[in-house]
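Me: Could you take a close look at the part of this model where the ligand sits? I'd like to hear what surrounds the ligand and how the protein holds its polar atoms.

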Amino acid sequence: MFYDLASSSWGSEEIEAMQRVIASGMFTMGENVRRFEEDFARKFGTKHALMVSSGSAANLVGVAALFHAGKRPLQRGDEVIVPAISWATTYYPLQQYGLRLKFLDVERDTLNIDVSKLEQALTPRTRMVVAVSILGNPCALDVLRAFCDRHGLVLFEDNCESMGATLNGKPCGTFGDIGTFSTFFSHHISTMEGGVLVTDDTELYHVAKSIRAHGWTRDLPKSSGVFEPKEDDFYEAYRFILPGYNARPLELSGAIGVEQLKKLDRMIETRRANAKLFVDLMKGDERFIIQRENGSSSWFAFTIILNPKMKTERTKVMNALKRADIGYRIITGGNFLRHDVIKYFDYECVGEMRNADLAHDRGFFVGNHPRDLRPQIERLRAVLDEAAR
Ligand SMILES: Cc1ncc(COP(=O)(O)O)c(C=O)c1O
């Protein structure tokens, strides 16, 4: 394809790392995953990092941990404030654990949660806010952190789309009590499938670690404080303390992650250079609403919303892109409230979802890659110009 949505970021280092794992004969979570976790925590400046099998699993394990840790664990029926645009598995664990969702619209230009409506969403039952930085673009994490601190709420940061982004110099994913990352193929680093949960809260980390692997104690130090160790090794080896999952990653993923993490800064630099070209070529053209950067974006992709003031049909633009061999897709999952699965949720909308609807109905994104995309972006610009004439 001339301009695809995503491409591989692996080189010979990743292939060699996989070959070392294959030669070792040890495939399930072990030394390589541990090394990746240590490197990840060091890179992002968090106390703990826990690798899991996907970003979705990181969200699931993270929410589960909040039901089993701390002095005030979450409870069924608690309310959680969420943006109307995110990926489906941002929301699923919230539904599965019986939380009530309060949806807020997104801002038209950043595509992130509209924080001006936070107070309106707050009730005595509110316990958590889920922050999502859409497609690399930091949401108002400083405002959300301050709001949560003021009201004693948990800040859960689903940062699965925004590794490498920063706000006021602080990495996205580290503003929350828990932050999650995805290392799926199209993301800023790729371990095939994979995800990471970060936290500075040691109890939460140990609880999440137990939940990652069957809810057992085996991976926890005896001093973790989340269980009372007993003398009998026979029973200790298979001792279950929490209703958990098997969300363990493979050693192959850990080994690839170590290599990918070394390349992250360079890959983000390239993504940002592509973004500069894209923004330079698109800015000032009223026909197209592009994502306004907040802080320093890691530019997962380039969003385009056809300005409703213009009458251009999205299908006309899609057809032109298709003819030009340029890949495109819906912005993340569009307005989540418009999906059939919403019927399973206990939820409420706080105000209208005008901007989420606009992105759903008139928006799309094209890919960004960790390599120079000048010819692709210039061609995209010409195709858009022609199609929206
Ligand atoms: C915001 C967000 N959360 C969670 C996920 C899930 O990540 P994974 O595909 O690794 O399960 C994604 C995936 O793209 C995402 O965009």
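Reply: In this predicted model, the ligand is surrounded by 16 residues, and the closest of them are Gly 55, Ser 56, Asp 158, Glu 161 and Ser 182. Three of those names come back once you look at the ligand's oxygens. With Gly 55, the partner is the backbone: one of its polar backbone atoms lies 2.8 Å from an oxygen atom of the ligand. Ser 56 uses its side chain instead, with an N or O atom there 2.5 Å from a ligand oxygen. Glu 161 also comes in through its side chain, where an N or O atom is 2.7 Å from an oxygen atom of the ligand. As for burial, the ligand has 390 Å² of accessible area on its own, and the protein covers 90% of that.

The makeup of the shell goes along with those polar pairs: 10 of its residues are polar, 4 are nonpolar and 2 are charged. On the secondary structure side, helix 3 (55-66) and helix 4 (88-96) each put at least two residues into the shell. Helix 3 is the top contributor, with 3 residues. And if you're thinking about pockets, the space the ligand takes up is the largest one.

Now zoom out to the whole chain. Those two helices belong to a chain with 12 helices and 13 strands. Its radius of gyration is 21 Å, close to the 21 Å the globule rule gives for 389 residues, so the chain is as compact as a globular protein of that length. Along the principal axes, the C-alpha atoms fill a box of roughly 75 × 55 × 35 Å.

Note on methods: Residues numbered from 1 in each chain as written. Predicted model: local features only at pLDDT ≥ 70, side-chain atom pairs only at ≥ 80, totals over all residues. Heavy atoms only, no water. Near = heavy atom within 4 Å. Polar contact = N/O pair within 3.5 Å; in protein donor to acceptor, adjacent residues only side chain to side chain. Areas by Shrake-Rupley, 256 points an atom, 1.4 Å probe, with all protein chains shown as cover. 1 Å grid on protein atoms, 1.4 Å probe; cavity = no way out; pocket = protein on both sides within 12 Å on 5 of 7 lines; lining within 4 Å. Sits in = over half its atoms within 2 Å of the grid points. Helix = DSSP H or I, 4+ residues; strand = E, 2+ residues; numbered from the N terminus. Nonpolar A, V, L, I, M, F, W, Y, C, P; charged D, E, K, R; others polar. Rg over C-alpha atoms; globule rule 2.2 N^0.38 Å.
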